[in-house]
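Colleague: I'm new to this one and would like a close look at a single part, with enough of the surroundings to place it. Please pick a strand and follow it through to its neighbours.

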Amino acid sequence: MEALKQKIQNEGKVLSETVLKVDAFINHQIDPTLMQQIGEAFASRFKEAGVTKVLTLESSGIAPSVFTSLQLGVPTVFARKRKSLTLIDQLYTANVYSFTKQETNEISISKDYLQEDDVVLVIDDFLANGQAVLGLKEIVEQAGASLAGVGIIIEKGFQDGGKILREQGIRVESLAILSSLQNGTVTFSE
Ligand code: G4P
């Protein structure tokens with residue numbers, strides 16, 4: 001997606017050989033015009049998939065998911081990382097280990113918002129090691145729902161997540177795939 005790649009080149013900051021900071025338009029400040037285009041891009045790629053729910057993980061996955069939802073005419077459900085005061089319902093839960101942060105989060109979704117007849121599109125901002133997506137996939141399986149695929153804004157192609165998910169037969173659509181962040185430079189793979 002050309003507008004996204006331009007934005008990454010112009011406003012992304014390479015923090016190390018493995019980390020790209022995009023606080024200026026995704027992770028802290030949000031560019032609504034770009035986010036709308038991101039939602040349109042995901043919706044167009046999955047428009048024939050019969051999606052009934054967009055599923056993500058708080059917090060940075062919520063904005064692209066809502067814009068995608070709006071285009072597809074279906075709700076967004078986001079998994080929580082912390083227990084909510086009002087989350088007293090029956091829950092689906094999964095453990096997500098973050099290699100980046102070296103911590104495990106238990107993520108949860110109320111059983112009220114995911115049913116076995118749902119066709120789920122999982123959306124997230126970054127794909128690194130794939131652990132967040134695998135946790136969401138586990139929750140989809142617990143609900144007996146089906147997974148239409150995964151939409152990722154920025155896939156770090158030099159980490160294992162994309163390979164792990166695609167080897168499991170999951171359809172992964174990434175709007176920008178980074179092949180390297182070496183020498184302080186962003187390089188995209190086609
Ligand atoms: P994984 O799910 O693919 O295994 O990713 P990992 O555990 O490595 O990522 C943990 C968190 O760090 C996630 O955000 C993920 O989006 C983010 N992240 C991973 N690599 C990068 C990167 O290169 N740049 C940026 N900006 N973020 C990265 P999170 O903890 O869920 O945070 P948030 O959604 O609350 O913002």
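Modeller: Let me start with a term: a contact means heavy atoms within 4.5 Å. With that in hand, of the contacts in the chain with a separation of 6 or more, 61% are between residues 24 or more positions apart.

Before going on, a word on what you're looking at. This is a predicted model, where local features need pLDDT of at least 70 and side-chain atom pairs count only at pLDDT 80 or more, while totals for chains, interfaces and linings use all residues. Residues are numbered from 1 along each chain as its sequence is written, and side-chain values use heavy atoms, with hydrogens and water left out.

Now the overall picture. The chain has six helices and 10 strands; these are DSSP runs numbered from the N terminus, with helices being H or I of at least four residues and strands being E of at least two. The radius of gyration of the chain is 16 Å, close to the 16 Å from the globule rule for 190 residues, so the chain is as compact as a globular protein of that length. (That radius is taken over C-alpha atoms, and the rule is 2.2 Å times the number of residues to the power 0.38.) Along its principal axes, the C-alpha trace spans about 50 × 35 × 35 Å. Of the 190 residues, 48% are buried, where buried means under 20% relative accessible area, exposed means over 50%, and partly exposed is in between (1.4 Å probe, protein chains only).

The part I'd zoom in on is β3, residues 53-57. Its home is an open sheet of six strands with mixed pairing, in the order β4-β3-β7-β8-β9-β10. Two strands count as paired if DSSP finds at least two bridges between them. β4 (76-79) and β10 (187-188) stand at the edges with a single partner strand each, so one side of each has no neighbour in the sheet.

So who sits beside β3? On one side there's β4, which runs parallel to β3 and is joined to it by four bridges. Here T56 stands opposite F78 of β4. On the other side, β3 pairs in the parallel sense with β7 (residues 119-127) over three bridges, and L55 has V122 of β7 as its bridge partner.

Now look at the side chains. K53, L55 and L57 point one way from β3, V54 and T56 point the other way, and all are buried. With five of the five residues of β3 buried, the strand is largely enclosed by the rest of the structure.

For a contrast, try β5 (91-98). Its side chains alternate as well: Y92, A94, V96 and S98 point to one face and are buried, whereas L91, T93, N95 and Y97 point to the other and are not. β5 pairs with β6 (103-110) in the antiparallel sense over eight bridges, and A94 has I107 as its bridge partner in β6. The two strands form a hairpin with four residues between them, and Q102 in the turn has a positive phi of about 50°. Q102 is exposed, at a relative accessible area of 63%.

Back at β3, follow the chain onward and you come to a backbone detail. E58 and S59 are joined by a cis peptide bond, with omega about 0°. S59 is placed in the loop between β3 and α4 (62-72).

One more stop in the same sheet is β8 (residues 146-156), where you'll find A148. A148 is buried, with a relative accessible area of 18%. Leaving aside residues up to four places away in sequence, A148 touches F46, A49, V51, V119, V120 and R171. Take R171: it is 23 residues from A148 in sequence, yet the two are 7.3 Å apart in space, C-alpha to C-alpha.

Towards the β10 edge, N183 lies in the loop between β9 (172-180) and β10. Phi of N183 is near 60°, a positive value in a residue other than glycine, and N183 is exposed, with a relative accessible area of 74%. So if you keep one image, make it β3, paired with β4 and with β7, and largely enclosed by the rest of the structure.
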